[in-house]
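Open the model in your viewer and keep the sequence panel beside it. The tour goes from stop to stop, with a selection to make at each one.

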Amino acid sequence: MKFKAFLTDNGVTLLEKRFLPALDKMGRICHLYLTKDYAIFLHNLLNGDGVQSIAQFRKETLFDDYRISSQNEDRIAFTVDLALLQRALRSSVSISSTTTTTTVTDRLQIKLVKKLPPNSQQPMPFLSFESKGYKSAVVQDVPISKPLSRADLLELQTALDMAQDLPQTLVQVPDLGQLQSFVDRLKHVGDLLNISVAQYGDLHLQVSTTLISLGQEFRKLRVLGVQAEEPPSYRNMSAQSRTEMAVQRGEAMSVQVSMKHFAKSLQCHLAKPDCSYYGIAQLGACLTVIFQFFIPGTRHNDKSISLHCRLPVLDPGSG
C-alpha cells in the first residue's frame, strides 16, 4: 500500500490551527482513514465508549498531488497519536518557513513509510513529513499503528456508514459560547445532563440532583427536518412542563448524557465552526451534534468539510 501527497497552505492552516487542537480534546489516539476522495479522522467508532467524532475532508481541501493505492479498494486506515501529529506538522511548517521563501504548498510532503527504529530488527510504519528547504530537507516521522486489515477496514467503514444517520429534527445553536458558559457553571453540580430537543425549535438542558435542579432553555431556534407548531397553551408553561408535554405528544425527545461527554464535545469550537446543530437520534440512540462550516466570505455551507459528534445515551436509572 502507498500514500503520498503535498499539504496545501489551506490544509496546513485547517489542521494545525483548528482541527487537530479540537480533535485532540476528543482523545489523543484516533483513526486516520484515507480513501480515494477523503481524509477522515475518527474517534471511538470501533468501541462503544466515549464520544464518537468524525471529521471528514475532501482530499482537495488538504492536499495537492494526492496519490493512494492499496489492495483494499485504495483505502488505508491506521491509528495515530494526534499530539505527535500536531507537533510534527507544526515543526515541519516552522522549518519550511525559515529555510525557504517558497510556499509550504510546494514543499511539505506527507507519505507512508516503513523504517527500522533504533535498537529494533523489525521495520515499523510511520507517517512521514518532509520539509524541503533550498539546500536541505528535514524529515519528521510520526509512528502509527499497523494499517488495518481488510476485515477491520470493513468494520470501520460499516461503523462510519451507521454514524452518518441524521436525527429527524435538528435545532441550530448559533452561539456555542452560551452552552460553554452553562456547562462551566454546572459541571460541578452534577455528572448527568438531561437534554430535550423539540420540533418547535426548543433546546432544553437540565442538571438535577437530590438537592437542586438547574437548567437552561434556548427557544425559537432554526429547525432542520421535522418541525411542528407549538400549541398556544404551552407559552405560559414552565420550561420543564412544556418539555414533558411535548415529549408526550411525540413532538420532542429527551435523553440523558454524561456532563463530561457534553463538555468534551463543546471543545470542537476550537475548529471554529460557523454554527452547530443538536438532535436526538431515532429511539433516543444518541445525541448528535453537527458543526457547520461556511465557505469563507459567504453563508453557504462548505461541503468539502464536515464534523460531527455522537454522544452515548445513559440509562436514566444509572444516576
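A residue counts as buried when its relative accessible area is under 20%, as exposed when that area is over 50%, and as partly exposed in between. Keep in mind that this is a predicted model.

**Stop 1: helix 7**

Select residues 259–266, which make up helix 7. How many of the eight residues of helix 7 are buried? Six of them are, so the helix is mostly covered, going by the cut-off of under 20%. Colour Met 259, His 261, Phe 262, Ala 263, Ser 265 and Leu 266 to see the buried ones. Then add Ser 258 and look at the start of the helix. A side-chain oxygen of Ser 258 comes to within 3.1 Å of the backbone nitrogen of Lys 260 there.

**Stop 2: a five-stranded sheet**

Next, select strands 5, 1, 7, 8 and 9, which lie in that order in an open sheet with antiparallel pairing. Which strands are at the edges? They are strand 5 (63–69) and strand 9 (137–143), each of which pairs on one side only. Ignoring direction, neighbouring strands in this sheet are turned by 20° against each other on average.

Zoom in on strand 1, residues 2–7. Strand 1 is joined by three bridges to strand 7 (residues 108–115), and the two run antiparallel. To find one place where they meet, select Lys 4 and its bridge partner in strand 7, Lys 111. Strand 1 also pairs with strand 5, again in the antiparallel sense, over five bridges. Here, select Leu 7 and, opposite it in strand 5, Phe 63.

**Stop 3: two positive phi angles**

Most residues other than glycine have a negative phi. Stay in strand 5 and select Asp 65. Its phi is near 50°, a positive value in a residue that is not glycine. Asp 65 has a relative accessible area of 42%, which means that it is partly exposed.

Move on to Asp 74, in the loop between strand 5 and strand 6 (76–81). Asp 74 is not a glycine either, yet its phi is positive, at about 55°. Is Asp 74 buried or partly exposed? It counts as partly exposed because its relative accessibility is 23%.

**Stop 4: a nonpolar patch**

Switch on the surface and select Leu 211, Ile 212 and Leu 214. These residues make a nonpolar surface patch of about 300 Å². Leu 214 belongs to strand 13, residues 213–218. With 32% relative accessibility, Leu 214 is classed as partly exposed.

**Stop 5: a loop serine**

For the last stop, select Ser 304, in the loop between strand 17 (286–292) and strand 18 (305–312). The relative accessibility of Ser 304 is 18%, so this residue counts as buried. What does the side chain of Ser 304 make a polar contact with? Show Asp 302 as well: the contact is with the side chain of Asp 302, at 2.6 Å.

Notes: Residues are numbered from 1 along each chain as its sequence is written. This is a predicted model: local features need pLDDT of at least 70, side-chain atom pairs count only at pLDDT 80 or more; totals for chains, interfaces and linings use all residues. Side-chain values use heavy atoms; hydrogens and water are left out. Patches are made of residues with over 30% relative accessible area and no salt bridge: like charges are joined within 9 Å, nonpolar side chains (Val, Leu, Ile, Met, Phe, Trp, Tyr) within 5 Å. Accessible areas come from the Shrake-Rupley method with a 1.4 Å probe; for residues, only the protein chains shown count as cover. A salt bridge is a side-chain nitrogen of Lys or Arg within 4 Å of a carboxyl oxygen of Asp or Glu. Helices (H or I, at least four residues) and strands (E, at least two) are DSSP runs, numbered from the N terminus. Buried means under 20% relative accessible area, exposed over 50%, partly exposed in between (1.4 Å probe, protein chains only). Two strands pair if DSSP finds at least two bridges between them. Axes are lines fitted to C-alpha atoms, for helices over the stretch in contact, and angles run from 0 to 180 degrees between N-to-C directions. A polar contact is a pair of N or O atoms within 3.5 Å; within protein, one must be able to donate a hydrogen and the other to accept it, and residues adjacent in sequence count only if both atoms are side-chain atoms.
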